[in-house]
Amino acid sequence: MAKLSNEELIEAFKELTIIELSEFVKLFEETFEVTAAAVAVAGPAAGGAGAEAAEEKTEFDVILEAAGDKKIAVIKEVRAITSLGLKEAKDLVDGAPKPVLEGANKEAAEKAKAQLEEAGATVTLK
């Protein structure tokens, strides 16, 4: 197999959905017996900077809390939002509470939340 450069790997990862990337990370962790955990770096304490950063959240997770009475409609919306297959979308809905989108911008997260709620689901943004 040809060795890929870091840039080629990044381009390949950009084409994956959040769920596909999450599955890749799990497989990578299992294969190499490592943990891909984020490292917290302590920076200098700035009086109001931390509060401002917390207020200006730019990435949101769309969490499906419950499918509600219209489970089939919710599965269809999950498929439309994530590009998952039928089985994967059904498993996600059946396993609620589960994240549908992770690290989405505010507009995409609110749109996904509205679509899922319109289908009858209970959704939260984190």
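Modeller: A salt bridge is a side-chain nitrogen of Lys or Arg lying within 4 Å of a carboxyl oxygen of Asp or Glu. With that settled, ask away, and please keep in mind that we are looking at a predicted model.

Colleague: Happy to! In which order do the elements of the protein chain run from the N terminus on?

Modeller: The secondary structure comes to six helices and three strands. Reading from the N terminus on, the order of these elements is α-α-α-β-α-α-β-α-β.

Colleague: And what share of the contacts with a separation of 6 or more is made by residues 24 or more positions apart?

Modeller: The protein chain has 126 residues, and 19% of them are buried. Among its contacts with a separation of 6 or more, the share from residues 24 or more positions apart is 67%.

Colleague: Now your salt bridges. How far apart are the N and O atoms where the side chains of K113 and E117 meet?

Modeller: Both residues belong to helix α6 (residues 106-119), and because they are four residues apart there, about one helical turn separates them. K113 is partly exposed at 25% relative accessibility, and E117 is also partly exposed, at 38%. The pair meets the 4 Å limit for a salt bridge, with an N to O distance of 3.8 Å.

Colleague: Which residue forms a salt bridge with K87?

Modeller: An α-helix has 3.6 residues a turn, so residues three or four places apart point the same way. K87 lies in helix α5 (residues 86-94), four residues from its partner and so about one helical turn away. K87 itself is exposed, with a relative accessible area of 57%, while its partner is partly exposed at 39%. The closest N and O atoms are 2.9 Å apart, and the partner is D91.

Colleague: Which residue is linked with K90 and D94 in a network of salt bridges?

Modeller: K90 and D94 meet in a salt bridge of 2.7 Å, N to O, and they sit four residues apart in helix α5, which means a separation of about one helical turn. K90 is partly exposed at 37%, and D94 is partly exposed at 38%. The residue that is linked with them in the network is K71.

Colleague: How many salt bridges does a search of the whole structure find?

Modeller: The pairs we have discussed include K87 with D91 and K113 with E117. For the whole structure, the search gives a total of five.

Colleague: Let's go inside. How many residues are in the largest nonpolar core?

Modeller: V62, L64, V74, V78, L92, V93 and L116 touch the most other members of this core. At least two core residues come from each of β1 (60-66), α4 (71-82), α5, β2 (98-104) and α6. L92, for one, touches I19, L64, V78, L84, K98, P99 and V100, leaving out residues up to four places away in sequence. The number of residues in the core is 22.

Colleague: Is A89 buried or exposed?

Modeller: A89 sits in helix α5 and is in contact with I75, V78, R79 and L84, its neighbours within four places left aside. Its C-alpha is 5.8 Å from that of R79, although the two are ten residues apart in sequence. At 0% relative accessibility, under the 20% cut-off, A89 counts as buried.

Colleague: What is the relative accessible area of I75?

Modeller: I75 belongs to helix α4 and, outside its neighbours within four places, contacts L86, A89, K90 and V93. Eleven residues separate I75 from L86 in sequence, with 7.7 Å between their C-alpha atoms. I75 is buried, with a relative accessible area of 9%.

Colleague: Back to the surface, then. How much accessible area does the nonpolar patch have together?

Modeller: The patch is formed by L16, F24, F28, F32 and V34. One of these, F24, lies in helix α2 (residues 18-32) and is partly exposed at 35%. Together, the patch residues have an accessible area of about 430 Å².

Colleague: One last thing: how far apart are the end C-alpha atoms of α2?

Modeller: Just after this helix, E33 takes a positive phi of about 50 degrees. At 1.5 Å a residue, the 15 residues of α2 should span 21 Å, and the model agrees, with its end C-alpha atoms at a separation of 21 Å.

Terms used
Residues numbered from 1 in each chain as written. Predicted model: local features only at pLDDT ≥ 70, side-chain atom pairs only at ≥ 80, totals over all residues. Heavy atoms only, no water. Patch = residues over 30% accessible without salt bridge, like charges linked within 9 Å, V, L, I, M, F, W, Y side chains within 5 Å. Areas by Shrake-Rupley, 256 points an atom, 1.4 Å probe, with all protein chains shown as cover. Buried < 20%, exposed > 50% of the residue type's maximum accessible area, 1.4 Å probe, protein only. Core = buried A, V, L, I, M, F, W, Y, C linked by side-chain atoms within 4.5 Å. Contact = heavy atoms within 4.5 Å. Expected span 1.5 Å × (residues − 1).
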